Structure formats: C-alpha cells, structure tokens
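Subject: Structure for your review

Dear colleague,

Please find the structure below, handed over for your review. My notes on what was found in it follow directly after.

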Amino acid sequence: MEAGDERLDPVCRFTVNSLRLDEERWREFVSQEENQVIFNTFFNAQDYCHLFVCQDPDSGLSVTLDFPQSTQAKVLCVSKASREAVTKENSRKILIFQEAQGDDVLSYVIRVTEQDGQAVTDTSKLKVCLGSPQVTCPLLSNPVSGSRWVAGVADKALRVMERQKNEALVMKAQIEGHTFLPLPDGLHDDGHHDNAEGSKVSDLKLLQACDWTIIEWAELVSEFLQQDSSQLVVDGLKPLPSEEFLFWKSRLKNLLFIQQQLMSSRAQQVASIVQKAESVYWSTLRDIYRDVQEGVKEAEDVSLNLTPLQEKLEEVEQMEYQQLRDNMVSVLEEVHLVWIRSQFYCKPCRMVVLLQEICNLFIHLSRKFLRGEEVMRGLVSDPGLVLDDVRLVIWTLQTFKEAYSQIRTRLEVQNQSWDFPSHLLFFHLDNFLQRLQGIQEAFSVSLQLYQLDQVLLAGVSGSMWTDVVQDLYQDFLRHVTALSDCHYDPTDPDDQSFELHLDQFQVQVSDLDRRMVSVLCRALENCSVSSSAAKLVSMFRFVLDRPLIQDQVRPYLSQLVEMVLKELDETELLFYSQRERSETFSRFTPAAAAGLCWTQQLRLRAEDSLRNYMTFQHLCVDSAESHLVLQRFQQIVDLLQDFRDRVRSDWSSQLNSDCGFILEQPLLQVNQQGMLGVNSSHKLEAVLRQLRYVGRERHMQLRPHAAQVFTCRDDITQTYLGLSHLMSCYNQVESEVLRMELPLIQGQLQDLNQTLSELQRNTWGSEAVQPLVEQQTHKVLKFHSSVIEARVNMEAMTHIIQGWAELHLLQRSGDSLLESRATQSSYRRIRDEGQELLRLTQVNRSLYGATDSSESWIRYLDHIDDKVQDGLFQLLFRSLHFLSDNMDPQSCSAALLAVSLQLQETGSMFEPSVGGGLSDLLTTIITDVYTAASLPPRISVGRHGNYQVLLQQSPELSALEQEVMQHLLHVREEAEHLRAGLDRYSHLWQSDRQGVMQEFLTYSRQLGPEELEADETPPTLKDFQREIESLHILNREVTHLDEVIVLHGWLQVDLQPFRDSLLSIIHDWKNMYTDYLLDSVSDSLQQVTQRGGDEESSSSSGFPLTETILLLEAAGVELPEHLSAQLQC
C-alpha cells in the first residue's frame, strides 16, 4: 500500500481532525511497513470489520485490528457497514467512524459518514446509552405504569427499546472482536412472566421472533465459523505467524463467548420455546450448539499446539540475526510437532499457510537486519561488510529450506508426509532469495572491481596500461555510485525499480569487462617468462572467473603453457651442461653437498615453473596440455633424483674411508716446526664439515666408520676444539718464553710434557678420550693463565719504565720561560709508579711460584732493576739534554731564563745577578732533576743504594752538566757588555742637578773638566731652549730602547725598569729648566700688575715675557691658572 492510497483519505481526514495531527506525521505513520500491513488487512479482508487508531502519550500513534486494552487516551474506531472489501469507490459509504475516551468506548457513539468528501456528525442518528434500556424496558413492561398509555403504545415502545439495546450490544461486541447473539423482542425475565408461560408459547409472534432469532444466530455463527486464517494469504498479503496465533486466540475467545451466550437463561428460553412449539428451526438451533461445541474443541486443540511454536518464534525474534541459522531446525521441529500432535491443524492447507507466515517472518527479520534502503549505500562505504551480511541472510534462509527438506524426508519415512508442493511455501521466500542473489552479485562484482585500484603493471608499456586500468576504475566508481544512490528498498521483491537499475549496472560492468580483457590480453603478450604471467594472472584473478574475460583470454593460455614447457626444457639442459663441473656448485662447500644443493635448486626452479603454471591451470580447457606439463615436470624430477642418489652413494663411500683413516690416527703429533699439534686437523675439519651437511640430508645412508663418527661428532668436535685450544696455549707459552723467565717455569714445562705424552698414545677412535682431554686441558690452561698474567705484568712494568722517558721534569711556564723547579706532579707519578713496580714483582713471584731466596728469582729481579735504572737514566738524560739544548744559541728557539736591568743609586745592575744568581738557579734545577731518580724503591735485593747515586756517576750526564755551565759563562760576558753600553747615560743619574743649574745660570753652559775659570755669561732664552731640546733628544732616544733583549739566544733581559727610571731622571732635568722659566714669568707678570708699565720694561730677568711663554708652550708646559688669569687681565 502506498501512502497516497485513496482509501486512506477518509481515515486521514478523520484522524487528523480528531487527534489534531500534522499531515506530515500522518504520512510518516502510514509509510511504516507494519502499519501498511494492518491497513491492507482491514481494507482487503472481509473478516476484519474494525480498525482502531490510538495516540498514547508514551508509545505515540498506533493502529490495531483489536481494541487497545488499558488505555486512557482517545481511541478512534473505523468500522465497516458490511462485511466486504473496501475500495476507493465505496470507501466514503461503507466506513463508519467513531471516537471514545479510553475504556469508555461505549459511553457514546458518534457516527460519521463521508458526504461529498466532508466529515459530518449525524446527531439525528445518535443512539441511546446502554443504561436507558435497563431502566426504560422494566418501566414500559410494568402493567401499573402501562395502564396510563394508549393501548399498544407501550408494547411498541418496549420492542423499539429492545432493538436499540440489541444494536448497542452488537456494536460493543464488534468493537471487542466478539460475536453477539441478539435476543428476540418480547422475551423477558423468567420471574416476570412465570404466570404467562403458556401464553408465551402459544404466542405466535414470540415464536416467530424466536425463529428469526435462530436464523440470525445461524448466520452469525456460520459466518464466524467460516472465517479462516488463510484469508490474508488468499488476498495476496504476507501475514506473519503472529496473525495466525492471534486468529486462533481470538477465535477461541469468541467461541467461548458465543457458547456462554447460548448457555444463558434467555437463550435457553428461546430453545425451550422452539422445542415445545416443535419449530422447524429446533434442529437448526441444535446444529448451532453442535458447531459451536466442535469449534471450541478445534480452537482449544489448535491454540494448545501452537503455543510452543509461538513461544519459540517470539524467542527467535529477540535473537541476534547471526543466531537464527542455528535455530531453524528447532523452529521446524515445533512445526513438525504441531503436525503430528494437533487433531485439527494437521491439514495441508493450514500447514501451507503457517509455513508461508514463518517464511514471511524470516523475510521480515532479514530485511530489518539488512536495513532496507541503506543496503545499496554500502556499495560505497563498506561493500565487504554488507556483502557478508547479505551472504549471511542467504545462508540462513537456505538453511531454513534445507531444514524443511530434512523434516519432510523424515515425515515420508514415518508415512506422515507433507503432500503439498514446496513452491507454495517458498514462493515469497524464493523471490526474496532471488532478489538477494542479485544484490549479492552486485556487491561481489563491485568488490572485484574495487581491486582495480591496486593494479600496477610493469614492463615497457606498464605505465600506459596502468593508466588505462585506472580510467576503468574511475568509470566503475561512477557506475557503482549511481547504483548506491537509489531511493527505494532493494530488499522488497515487489518493487521492480531495483531490477531495472541492476540490469543497467550489469550492462555497464560487461562493457568494463570488454575493456579490461583488452588490457589483459596485451599484457599477456608482453610476458616473456612464466613468473611474469603468473603474477599478471594473480593480479587479475578477481576478474578471470568472469565468462566474458575467460573466453577472450583462453587463446593466450596456450602460449603460457609453451612458455612453461620451454622453461622446463631449459632446466634440463642446464643440468646436463653443468653436472660434470664440480666447481660450478660451490668453492666453499664440500663437492657432494654442493652438488645436492645445486640439484635441489634446479628442482626448485622446475617447481617454480610448475607453480606458475598452476596459477592459470584452472583457466585451461585442454586437459592434454595439463598432462604434458605435469609429465615433463615429473621427468625432470626423476632425472634430478637419480643424480642425487649417485652423489649420495659416492659421498657415503668416500666419507667412510676418510672416517676410518681418522679413527686410527693419534690425537697429537709433532709438526714440521717441532711444535706439538692436533694430528690430521685439516682432514678432521673437512670430515666434520661434511658431516654437518650430512645432517641436513634426510635420505643419506652412512657406512660403519662414517656412522660411528657421525654419531659421536659432537664429542669429537668438542675434543678437537679442546685439543686445539690446549695446544695453542701450550705452544704460546713455550714459543714466547722469556730468557729470564725460562728458569722459573722450566720444572712446570717438564711436567706438562709428561702429561701430553699420554695424549699422544691415544687415537681418535679410543674410548673415554674426551674426559682425558678435559683433565689435561685444565692443567695446561691453569699454567698458561699464570704465565700469561705474569707476562702481562712484565709488559705493564716495561710500559711504566718507558713512560718515564716521556715525562717532563722541566717545562716552560705560561710565558714560555723555564719553571724554577721540577714539577711535583712528575715526582708524584714516579713515586707511585715505583711502588706499582714493586707490587707487580711480588704478584709475579706468586704466579711463578718462586721463593725470595731462589737464584732464578734474584736474577729475574736484577733484570727488572736494570730496566728501571735504564728508564731513570733516560728520564735524567732527556731533562738535562732539554736544559742544554735550550741554552745553546744554535738550537734554542725561545728564551729559557729571564733577568731584569735595574737602575739604582749605585748605578745599573741585573736582578738576579748574571753571575751568582743564575748559577745558583741552574744548580737547583739540576739537583731537582737528579732527585727524581731517588723516588722509586730499589727492585733488586742484592744491590744497595738508590738509583740517584748511581746515575750521578754517569759520564754522559756529567758532560751535559758541564755544557750547561759553559753556556752560563758565555751569557754572563754578553750581559756585562750590554750593561756597559747603557752607561753612556750615567751622567744623568751621577751629576748634581743643583750644581749644574747654578753653573748654567752663571756661565750659560756646563763647564768642561779642563775649564777652571770662565767669564760669567748669564743664560738667554736660546740657552734654555738649547738645554731643553737636548733633553728632548735624550728622552726620544731612551724611549726607543728595546723593552726586552735576549742574550745568547736563551737569556731574556727586561730593560723596562731601567728605561722607566732613566726617563724619570730626564724628566726631572727638564723640569729644572722649565720651573726656572715659570718663576721668571710669574715675577714679570707681578711687576706689570704693580707698576702698570709695559711688558718689556717690566721684565726683571731680562727675558721677554711673550717669548718665554712661547718657549714654555713649545716645551709642553702649561701655565698655571693664576698666571693665565693675569695674562687675560
């Protein structure tokens, strides 16, 4: 039913007006599937005369065929005026609309008829309430009250009231889904008419009324009994099992209601009247009693036997859909029990209806599980998941059909078969399955074509063909998107819209197939090896099962078969060409093992070719080609197997011979260098290596000697490794023995030689060799460990002693000059390392097991003592040589020592003095160098005195001391020459400045030593200028003296103190002259101020004031502020 069905228009207008609904809400309500089923049932089925619409505050709007129970909301009742189907032509005439409030539905009745499409309330036809007849009828039938009425009026009014009462009761029963049996007019309670019973029986009108009542009862009961649950199926609807269960439940309830009415006192009066009057309808009444009784019996039987099935189906409806399949058999088992247990339901027609309804239930659950219109949207969002759901539904429904077949077969064996055709049961189910299969096909094809996005072709034209495939993929996406955008329910078999879209999609897919097969064929043509073809087939496997593509690709498969056969031929040819060339196999693997490995690789190569063929074998139609490929492969496998068998046989024989030789050989032997070694080591290693490869061969059969070695190969390997390690340690000790060490270990070496001689008497085949080797290995390793540790200690001592030669006892400070004393860190290191030497010697004594008084140990200590003495000599020699080289003018690179030239009252002098001061310093340095030799303790126990005393007697060191002192003498002479050259300025610090000034003021110059008397000549400004300029010249000369002078290449002389003192003296001389001139200027300005005379006449000294001031400014002297102020005045 569509939402626009014209039969719904009256119901729509009445419901919208009465419940004040929005029309959009009504359309949504009508479009729901379960509501459409109820409306269809009411309109099309003649057995359903009432439809109830209710709006509950909790559950919302609802529609049912039975009056809703226990509701307080408004209920709308739509009734048929007659038992017939509703069409769009008679819908306005046949429908009766009533409304009531909750359970009080019969408190009033409003008839609404449709006239010209408008709802009208017919108040003129308003029925009286049920309470009126119960009050009015006794009133009218009372003779006392009836005496006031006109004759006959009371009886007529009483009959009218009785008819109205019956009509109201019929309406009430119809609303409740029951059949009401109306009573005849004029029939009253027994107590009121007891005295007139004879007159009632004789009353023809009452008899006639009873006859008409029986006829009406017969029609009502017959009409009800003729109702069948198959009517909905006959009408083309798809009822659910709940309709069947509801039908029989309502039927039983109504039959009991009818039976109750027939057994009432008034119905018994009717029966008594017609029986006594011997009416022809007495037999009809008895038939009614019988039919109702049989109907009750039938309804009770059916309801009882359908109850377990109903409970099972209700349980199934609550399950997850994935659980339905496991419950199909149990559902049909319940149906089977209904068939064999029910007396009245075991009829083919009823079983067909019941099974159809069960099928409808599973269709309903399946559509609900698939979510209707959302199914096709899964083509884009998640096709794999939706396809799994569709397959689950198909599988579940097919399981139901299979379970039905099993039950039917079982019934045939029990001679209780269902002799009705199966297509009657599964008509709708098969249509639904057919629709699901179409959906499944669409999803399967889509999932296949979605894989086009992953296709990536290689080769020269691979990029071009990949682009073509991507274009195909984009076209497919457009097609599948269009199919997924449908706005209908594809799971509804009655809707053919999906079939049209599916046919169009299949045409589009066929076009894609034709384009795809073109790409695939061209790609197959470009394949040069079977592996490429196999990869290509695997890549397109998702579409190769499609008939159109298979037919087009099949011609290319023969070429692939030829390619596989060619590769097998090449494998065989390679075997024949390389089998006699052992170097082909491997250079680092035994020849036999390499040959087996090579043949295994050839077999794998053949298997790869066969595996590639198996990739597309299912596409080949010609079985002869398949047989040829398999036969060719088997020939190569047999050929390789024969070769492998021969190699194994030859290998086993040679291996047995080598093992027999080894088992007879002694464990140890003396090699060409005269050293003990493992006997037959190379051959043994080769055998053991071959046995490792033998362990990988499952079909290798070994002969006795080889089997013996193979069985104990792990023990032999451990023995060989132990002996090799033992001999390596022993030979290391013996070959690297030190001269002074040999006397200490001579006894232990002899003991070890006697131990090893026992091993030389055993062969590789001897028993209990491994424990003996382990025992002797422990001894040798212990001895080896002690000797090696002692040698390491000796190397450590040698490293310490050699490290002393690298020490810097003398080193330059931050200004590159020699520090005055040897470094304390070097002293500390020598002292600590001397103690370490002493400790290591004691450790070695324990390792060698020597005693302090043994002669060999004393010689060992003397050897170490000599090394210590030599190391200290190198240290002292290097330090003194450093001092001598840095004092040699030809080899020194920078100053080594430094002195400064000072100017004191007595004259210039060096600090420290070049004579005694430097000599004392150098003596202290040399003493510190020798002191380092006294720091380490003496190692030898037989030699006395420390190392310093011995080394001070060394001629080489004494010669270096003499060289140092000689360099000191040379630098002393050069220093005195430097100081004498600077004495040319001695007159500046030796002369009396006051005497010289007085002499200058008297004679205008300094008198010479030969001048005893001279004429007094006062100095002029030029004389002052001469003296000041001469002092300026001396100042510049002294300023340009070097700050530092290096003498003899190594003695740094600092002239800065001398120069600064001399410059200070020169400055004092200059100030002596300028101060005199300043005093002259001051006196002149004072006279000018006091006398007011001119500048020239006011000069008391005879010096022109202006020229005097200019001379002072030229000499760099500024006038005091008070003099400058007087000049400005």
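Strands β9 (residues 897–904) and β10 (residues 907–911) pair in the antiparallel sense, over 5 bridges. A hairpin of 2 residues joins β9 to β10. Within this pairing, Leu-901 has Phe-910 of β10 as its bridge partner. Please bear in mind throughout that this is a predicted model.

Salt bridges

The search of the whole structure returned 29 salt bridges. One of them is formed by Glu-33 and Arg-367, whose closest N and O atoms are 3.4 Å apart. This pair links distant parts of the chain: Glu-33 belongs to helix α3 (residues 33–44) and Arg-367 to helix α15 (residues 348–370), with their positions 334 residues apart. The two partners fall into separate accessibility classes. Glu-33 has a relative accessibility of 36% and therefore counts as partly exposed. Arg-367, at 15%, counts as buried, because the limit for that class is under 20%.

Helix α32 (residues 824–848) contains Glu-833 and Arg-829, which are 4 residues apart and so separated by about one helical turn. Their side chains meet in a salt bridge with an N to O distance of 3.0 Å. Glu-833 counts as buried at 16% relative accessibility, while Arg-829 counts as partly exposed at 36%.

Helix α32 also holds Glu-836 and Arg-839; these are 3 residues apart, which again means a separation of about one helical turn. The salt bridge between their side chains has an N to O distance of 2.6 Å. Glu-836 is partly exposed, with a relative accessible area of 28%, and Arg-839 is likewise partly exposed, at 43% relative accessibility. Elsewhere, Asp-865, Asp-866, Arg-938 and Arg-943 are joined into one network by salt bridges that share partners.

Aromatic pairs and charges over rings

The structure holds 30 aromatic pairs. Among them is the pair of Phe-14 and Phe-97, which is tilted, with 5.0 Å from centre to centre and 40° between the planes. Here too, distant parts of the chain are linked: Phe-14 is in helix α1 (residues 8–19) and Phe-97 is in strand β4 (residues 95–101), 83 residues apart. Phe-14 and Phe-97 are both buried.

A further pair is made by Phe-42 and Phe-43, with ring centres 5.5 Å apart. Why does this pair count as tilted? The planes of Phe-42 and Phe-43 stand at 55°, and a pair counts as tilted because its angle is neither under 30 degrees, which would be stacked, nor over 60, which would be edge-to-face. Both Phe-42 and Phe-43 are buried.

Ring pairs also build a cluster, whose members are Trp-339, Phe-362, Phe-400, Tyr-404, Trp-418, Phe-420 and Phe-426. Phe-426 has a charged partner as well: the charged end of Lys-401 sits over its ring, 5.4 Å from the centre. A corresponding arrangement is found at Phe-224, where the charged end of Arg-251 sits over the ring at 5.5 Å from its centre.

Positive phi values in loops

Two residues may merit your attention when you inspect the backbone. Glu-278 has a phi near 50°, a positive value in a residue other than glycine. Its place is in the loop between α12 (265–276) and α13 (282–317). With a relative accessibility of 71%, Glu-278 counts as exposed, because that class begins over 50%.

Arg-371 is not a glycine either, yet its phi is positive, at about 65°. Arg-371 lies in the loop between α15 and α16 (378–381). Arg-371 is partly exposed, with a relative accessible area of 45%.

A contact of helix α33

Finally, Phe-882 lies in helix α33 (residues 855–885). At 25% relative accessibility, Phe-882 counts as partly exposed. Its C-alpha atom is separated by 7.8 Å from that of Leu-810, although the two residues are 72 residues apart along the chain.

With kind regards

Notes: Residues are numbered from 1 along each chain as its sequence is written. This is a predicted model: local features need pLDDT of at least 70, side-chain atom pairs count only at pLDDT 80 or more; totals for chains, interfaces and linings use all residues. Side-chain values use heavy atoms; hydrogens and water are left out. Buried means under 20% relative accessible area, exposed over 50%, partly exposed in between (1.4 Å probe, protein chains only). Rings of Phe, Tyr and Trp (its six-membered ring) pair if their centres lie within 6.5 Å; planes under 30 degrees apart count as stacked, over 60 as edge-to-face and the rest as tilted. A charge sits over a ring if NZ of Lys or CZ of Arg is within 6 Å of the ring centre and within 35 degrees of the ring normal. A salt bridge is a side-chain nitrogen of Lys or Arg within 4 Å of a carboxyl oxygen of Asp or Glu. Two strands pair if DSSP finds at least two bridges between them.
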